[in-house]
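Here are my quick notes on this model, mostly about the surface and the disulfides. Have a look at the structure, then read on.

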Amino acid sequence: MSQPPQPGEPEGQAPDPGASQGQHPQPQYQQPYPQQPYQQQGWYGAPQQPPPSSNKTALWVGLGALGLVVIVAVVAITGFVAPGFFLSDSKDKSTAASSSSSPAPTSSSEDTATRSPVNIPSSRVPMPKRGTPPADPTDCAFPADSSGPVPKKVNPPAAGPTPASGTTAVTLRTTAGEVGLTLDRGLAPCTVASFLSLAQQGYYDGTSCHRLGTSGLQMLQCGDPEGSGMGGPGYTVPDEVFPQIKYGRGILAMAKRQAPNSGGSQFFMVFGEAELPPEYTVFGSISDAGLQTLDKVARGGVDDEKGPGDGTGPPRIPVTFQSIEVG
């Protein structure tokens with residue numbers, strides 16, 4: 001078989017004219033010879049002749065001795081470098097057994113150990129009383145609001161005369177437990193009318209409470225379907241405040257922006273201390289069982305990483321409204 005031309009050699013080069021007739025030129029690449037007896041597979045070159053028997057025996061004896069020396073050296077080195085390879089270390093075994101017998105700390109125990117306890121007062125504050133009762137009925141208006149997002153469409157309550165006396169029981173059924181409320185029309189007739197309208201339209205269903213405070217301002221804020229604290233129902237609720245308002249454990253009040261008459265759907269439930277000026281409408285109270293639910297959520301702690309940086313944030317125990325029962 002002809003070989004490819006080598007560098008510098010033109011294609012179709014003629015054989016050497018000095019070569020004898022009938023003698024073929026040697027190929028450029030030496031091909032393997034056919035395997036011969038005693039020829040180790042993979043070798044390339046001339047066939048080998050079998051060596052004399054005496055030399056072969058000496059060769060095998062030498063190779064055997066060399067292999068024995070290598071094995072002994074490896075064993076010795078391994079035994080000195082890695083003690084315990086041949087003999088088990090009883091001390092290490094006992095240590096491993098004792099380590100495996102004691103369970104690893106769970107994340108909840110670590111959180112409990114690192115999280116400071118929440119100090120919640122046990123006594124309620126008295127419900128505020130108006131110096132002068134509101135007119136009964138009270139004329140209410142709910143103007144449209146375009147200052148913030150409206151994540152959930154809803155109809156505003158009917159404007160006009162609204163009852164300003166009597167109470168209504170409401171039960172918030174949440175993933176953290178039930179929270180019973182008592183809405184008081186004598187405190188805030190327009191706010192109560194708006195809250196009941198939103199509840200009956202299913203506005204709060206499926207929404208989550210987005211802000212928990214456990215120190216200084218101890219409350220849980222809810223009512224924004226967007227979950228950012230910026231959303232509202234698309235209309236505003238008038239302020240219904242008076243100087244006698246005090247906030248504390250058991251108080252239900254409306255959240256608002258800094259501007260007056262800027263309330264909407266967001267409200268907050270106070271389970272502890274809350275030193276606030278009387279600028280937030282109080283429209284009801286929280287039941288004892290409801291306060292226990294809020295206490296449990298508060299002791300679960302605040303997710304500070306998702307909060308605004310003021311010590312408040314989403315509760316670690318999620319509070320999502322499943323439904324609201326009126327009456």
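1. Surface first: the chain exposes about 20,100 Å² (Shrake-Rupley, 1.4 Å probe, with only the protein chains shown counting as cover for residues). Carbon and sulfur atoms supply 56% of that area. Buried residues (under 20% relative accessible area; exposed is over 50%, partly exposed in between; 1.4 Å probe, protein chains only) make up 33% of the 327 residues.

2. Before going further: this is a predicted model, so local features need pLDDT of at least 70 and side-chain atom pairs count only at pLDDT 80 or more, while totals for chains, interfaces and linings use all residues. Residues are numbered from 1 along each chain as its sequence is written, and side-chain values use heavy atoms, leaving out hydrogens and water.

3. On secondary structure, I get five helices and 10 strands (DSSP runs: H or I, at least four residues; E, at least two; numbered from the N terminus).

4. There are two disulfides (cysteine sulfur atoms within 2.5 Å). Cys140 pairs with Cys190 at 1.9 Å S to S, and the link is left-handed, with -90 degrees about the S-S bond. Cys140 sits in strand S1 and Cys190 in helix H4, 50 residues apart. Both cysteines are buried.

5. The other pair is Cys209 and Cys222, with S to S at 2.1 Å; this link is right-handed, at 95 degrees. Cys209 lies in the loop between H4 and strand S5, and Cys222 in strand S6, 13 residues along. Cys209 counts as buried because its relative accessibility is 5%, and Cys222 because its value is 0%.
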